[in-house]
Amino acid sequence: VIRFKTDGSVTKKGFRLEYEAVDLEDFVVNTISSPGYPEHYANALDTEYPISVTPGKVVSMVFKYMSIESQANCNYDYVMVTDINGTILLPKTCGKLTKLIQFTSLTN
């Protein structure tokens with residue numbers, strides 16, 4: 001589950017994430033973006049994006065773009081990713097993306 005949460009002040013362009021089921025036979029890339037992307041996102045959002053793939057597959061994810069209000073602990077605006085089993089794959093993350101963030105789920 002990808003969670004995007006914002007407070008009531010600063011807004012930025014948000015994020016764009018690409019994901020795919022890890023399967024050499026089927027190569028389909030899907031995209032999830034923050035609301036309004038590439039324009040600025042709204043204040044006071046709390047949005048979750050569940051990702052599901054065929055049973056037995058895992059999900060490979062790559063954050064391609066991120067511009068989220070920056071704060072030391074990402075308490076105001078952030079994106080985070082949690083596996084279905086509760087494992088945090090990407091802790092609260094904010095600010096500008098300086099390099100691609102890539103990871104793979106443990107479950108589907």
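Colleague: Where is Pro55 found?
Modeller: The model is a predicted one. Pro55 belongs to no strand run here but to a loop, with S4 (46-49) on one side and S5 on the other. The place asked for is the loop between strand S4 and S5.

Colleague: Is Pro55 buried or exposed?
Modeller: The cut-off for exposed is over 50% relative accessible area. Pro55 has 69% relative accessibility, so Pro55 counts as exposed.

Colleague: What distance separates the C-alpha atoms of Pro55 and Thr11?
Modeller: Along the chain, Pro55 and Thr11 are 44 residues apart. In space, their C-alpha atoms are separated by 37 Å.

Colleague: How many helices and strands does the chain have?
Modeller: Read along the sequence, the pattern is β-β-β-β-β-β-β-β-β. The count is therefore zero helices and nine strands.

Colleague: Which radius of gyration does the chain have, and what would a compact globule have?
Modeller: The C-alpha atoms fill a box of roughly 45 × 25 × 20 Å along the principal axes. For 108 residues, a compact globule would have a radius of gyration near 13 Å. The value for the chain agrees with that, at 14 Å.

Colleague: What share of the residues counts as buried?
Modeller: The accessible surface of the chain comes to about 6,200 Å², and 51% of that belongs to carbon and sulfur atoms. Buried means under 20% relative accessible area. Of the 108 residues, the buried share is 38%.

Colleague: What percentage of the contacts with a separation of 6 or more is accounted for by residues 24 or more positions apart?
Modeller: The count takes contacts in the chain with a separation of 6 or more. Residues 24 or more positions apart account for 66%.

Colleague: In what order do the four strands of the open sheet stand, and which are the edge strands?
Modeller: The order is S4-S1-S6-S7, with antiparallel pairing. An edge strand pairs on one side only, and this holds for S4 and S7. Neighbouring strands of this sheet are turned by 15 degrees against each other on average, direction ignored. The edge strands asked for are S4 and S7.

Colleague: Which residue in S4 is the bridge partner of Ile2?
Modeller: Strand S1 (residues 2-5) pairs with S4 in the antiparallel sense, over four bridges. Within S4, the bridge partner of Ile2 is Tyr49.

Colleague: Which residue in S7 stands opposite Val81?
Modeller: S6 and S7 run antiparallel and are joined by three bridges. Opposite Val81, in S7, stands Leu90.

Colleague: In the hairpin of S6 and S7, which residue takes a positive phi?
Modeller: The hairpin has five residues between the strands. The residue lies in the loop between S6 and S7, and its phi is near 95 degrees. At 46% relative accessibility this residue counts as partly exposed. The residue is Gly86.

Colleague: How far apart in space are Gly86 and Val1?
Modeller: In sequence, Gly86 and Val1 are 85 residues apart. From C-alpha to C-alpha, the distance in space is 9.3 Å.

Colleague: Which residues does the disulfide join?
Modeller: The structure holds one disulfide. The S to S distance is 2.2 Å, and the link is left-handed, with -80 degrees about the S-S bond. The residues joined are Cys74 and Cys94.

Colleague: Why does the pair Cys74 and Cys94 tie together parts that are apart in sequence, and how many residues apart are they?
Modeller: Cys74 lies in the loop between strand S5 (59-68) and strand S6 (78-82). Cys94 lies in the loop between strand S7 (88-93) and strand S8 (95-96). Because the two sit in these separate loops, the pair ties together parts whose distance in sequence is 20 residues.

Colleague: Are Cys74 and Cys94 buried or exposed?
Modeller: Cys74 has a relative accessible area of 8%, and Cys94 has 15% relative accessibility. The cut-off for buried is under 20%. Cys74 is therefore buried, and Cys94 counts as buried.

Colleague: Which residues does Ser67 touch, not counting residues up to four places away in sequence?
Modeller: Ser67 lies in strand S5 and is buried, with a relative accessible area of 6%. The residues touched are Lys12, Lys13, Gly14, Tyr41, Gly95 and Lys96.

Colleague: How far apart in space are Ile101 and Val62?
Modeller: Ile101 lies in strand S9 (residues 101-104). Ile101 touches several residues beyond four places away in sequence, including Val62, Phe63 and Leu90. Ile101 and Val62 are 39 residues apart in sequence, while their C-alpha to C-alpha distance is 5.6 Å.

Note on methods
Residues numbered from 1 in each chain as written. Predicted model: local features only at pLDDT ≥ 70, side-chain atom pairs only at ≥ 80, totals over all residues. Heavy atoms only, no water. Disulfide = S-S within 2.5 Å. Buried < 20%, exposed > 50% of the residue type's maximum accessible area, 1.4 Å probe, protein only. Pairing = 2+ DSSP bridges. Axes fitted to C-alpha atoms, helices over the stretch in contact; angles between N-to-C directions. Contact = heavy atoms within 4.5 Å. Rg over C-alpha atoms; globule rule 2.2 N^0.38 Å. Areas by Shrake-Rupley, 256 points an atom, 1.4 Å probe, with all protein chains shown as cover.
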